[in-house]
Amino acid sequence: MAPEDLVQAGRPNLFTPYKMGKFNLSHRVVLAPMTRSRAVNEIPFEAHALYYSQRATPGGLLISEGTSPSNTASGYPRVPGIYTEEQVEAWKKVVDAVHAKGSIFFCQLWHVGRASHHVYQPNGRSPISSTNKPLSDEVGAWLPDGSIDKFSKPRALQTYEIPQVVQHYRQAALNSIRAGFDGVEIHGAHGYLIDQFLKDGVNDRVDEYGGSLENRCRFLIQVLEAVVSAIGAERVSVRISPVHDINDATDSDPLGLGLAVIERLNKLQLKFGSKLAYLHVTRPRLTAEGAKQNVNEEEEAKLIKTLKNAYDGTLIASGGFTGETGQKSIANGEADLISYGRLFISNPDLVLRFKQNASLNKYDRQTFYTKDPVVGYTDYPFLNQATDGIEE
Ligand SMILES: Cc1cc2nc3c(=O)[nH]c(=O)nc-3n(C[C@H](O)[C@H](O)[C@H](O)COP(=O)(O)O)c2cc1C
């Protein structure tokens, strides 16, 4: 069926309100978490408040850029943190600006693990991971001065050190709530620290965090349990990308891994007597360079639907959606909400543009990660500059 027919057939669409646990969403167009490399000394400032508030709509859901839960978590330039008081205070202003526009705002907690370089690590130490194996040479670490170097050789965490890393996530979640965020998204995707534990192509441990699916899922589940017990399940969400091999994160049975994680999320929800806010799944078509050309759309839809059917809660799908394909996925029951990345970078009023079926601004990849606080960040034009693109 064409998208118009699906809407006519009474199926939900991008503009059907949605109850996500305690949060009432007025539409289903979500801002995907996106690193924009604009923080100064790991601290967000006025430009961030403007950037996020431009993309906020009443009853919309925004997810922040990946934000460091500790001083070992970063591997990219100008990433903000949420582990010091100064960072928490700075985030408060950003969150206030978003709340003033009526949006719900989740903070994505991101530990890159081995996708780092010793220049980002305290005292120039080795990045931490599930493994001592470095990332392949094909992918390079981007240093603060703009140059590229190999990722540094990581150090596998000792078993006894893992509870401390879990504790960092817990504290960062508490800090996020103190900063006013409505919840947190635990970044368990894209080959970063948690994914380095989940995937058998990376995890070569022989302790209780390696080997079986049970063991490989243990770190993620311990992080979630710690965070849920601190701030409540309804404010916690998780992102996974089982089928996505970015940053060398391969697995011999991606679908089996996705289903294993979901089985444990369902159990955790039963244990805590409350659902998580949502599960965010990246479709396999996303790559570091953009969209894969040879993705079989039908296969991909089937895969997301299998995960959606297995999960007892809200599912957000991400990766390569247009307004039309997002509409279709929701109507076909493949996802409850759709997150948009690149289109939201270049269209601060993406929600309004989708609603009006208006044309979209093209994004400029060259300015995705620059330090300019305006160009490519807050200067993309609104459809209607006179009203600042605000709907109501
Ligand atoms: C500039 C940029 C930065 C990104 N940073 C993050 C990030 O910090 N955390 C994350 O989970 N995904 C990140 N992603 C992936 C996006 O959340 C999203 O899944 C991806 O862009 C695919 O969606 P799209 O096709 O709508 O752009 C990033 C993507 C882009 C383009």
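At 0% relative accessibility, His280 counts as buried, because buried denotes under 20% relative accessible area, exposed over 50% and partly exposed the range in between (1.4 Å probe, protein chains only). This residue belongs to strand E12; helices (H or I, at least four residues) and strands (E, at least two) are DSSP runs numbered from the N terminus. The structure is a predicted model, in which local features need pLDDT of at least 70, side-chain atom pairs count only at pLDDT 80 or more, and totals for chains, interfaces and linings use all residues. Residues are numbered from 1 along each chain as its sequence is written, and side-chain values use heavy atoms, with hydrogens and water left out.

Contact is taken as heavy atoms within 4.5 Å. With neighbours within four places in sequence set aside, His280 is in contact with Pro33, Ile63, Glu185, Val238, Arg239, Ile240, Ile316, Ser318 and Ser339. The C-alpha atoms of His280 and Gly10, by comparison, are separated by 25 Å, and the two residues lie 270 residues apart along the chain.

Two strands are treated as paired if DSSP finds at least two bridges between them. Strand E12 (residues 278–282) pairs with E15 in the parallel sense over four bridges, and the bridge partner of Thr282 in E15 is Ser318. Strand E15 (residues 315–318) directs Leu315 and Ala317 one way and Ile316 and Ser318 the other way, and all are buried. In a regular strand, side chains alternate between the two faces of the sheet.

E15 is also joined by three bridges to strand E16 (residues 337–340), and these two strands run parallel. Within this pairing, Ile316 stands opposite Leu337 of E16, and Ala317 stands opposite Ile338 of E16. The connection from E15 to E16 passes through helix H9 (residues 323–331), and this β-α-β crossover is right-handed. The term right-handed applies if, with the strands pointing away from the viewer, the path from the first strand over the helix to the second runs clockwise. E16 is covered on both faces, with Leu337 and Ser339 buried on one side and Ile338 and Tyr340 buried on the other. E16 further pairs with E3 in the parallel sense over three bridges, where Val30 stands opposite Ser339.

Helix H2 (residues 46–54) is largely enclosed by the rest of the structure, because seven of its nine residues are buried. These buried residues are Ala47, His48, Ala49, Tyr51, Tyr52, Ser53 and Gln54. The elements against which they pack are strand E3 (29–31), strand E4 (61–67), helix H3 (85–100), strand E5 (104–109) and helix H10 (342–346).

A nonpolar core is defined as a set of buried Ala, Val, Leu, Ile, Met, Phe, Trp, Tyr and Cys residues joined through side-chain atoms within 4.5 Å. The largest such core has 78 residues, and those with the most contacts inside it are Tyr169, Ile186, Phe219 and Tyr340. Helix H6 (residues 213–231) gives the most to this core, contributing 10 residues. Beyond its neighbours within four places in sequence, Phe219 is in contact with Ile162, Val165, Val166, Tyr169, Leu193, Ile194, Phe197 and Tyr209. A second, separate core of 13 residues includes Leu25, Leu61, Ile63 and Ile104.

Ala358 is located in the segment after helix H11 (350–355) and counts as partly exposed because its relative accessibility is 22%. Residues up to four places away in sequence not being counted, Ala358 touches Arg353 and Leu383. The C-alpha atoms of Ala358 and Leu383 are separated by 8.2 Å, with these positions 25 residues apart along the chain taken as their separation.

Overall, the protein has 11 helices and 16 strands. Its radius of gyration, taken over C-alpha atoms, is 20 Å, which agrees with the value near 21 Å for a compact globule of 392 residues under the rule of 2.2 Å times the number of residues to the power 0.38. The C-alpha trace spans about 55 × 40 × 40 Å along its principal axes. Of the 392 residues, 57% are buried. Among contacts between residues at least 6 apart in sequence, 73% join residues at least 24 apart. The accessible surface, from the Shrake-Rupley method with a 1.4 Å probe and, for residues, only the protein chains shown as cover, comes to about 15700 Å², of which 51% belongs to carbon and sulfur atoms.
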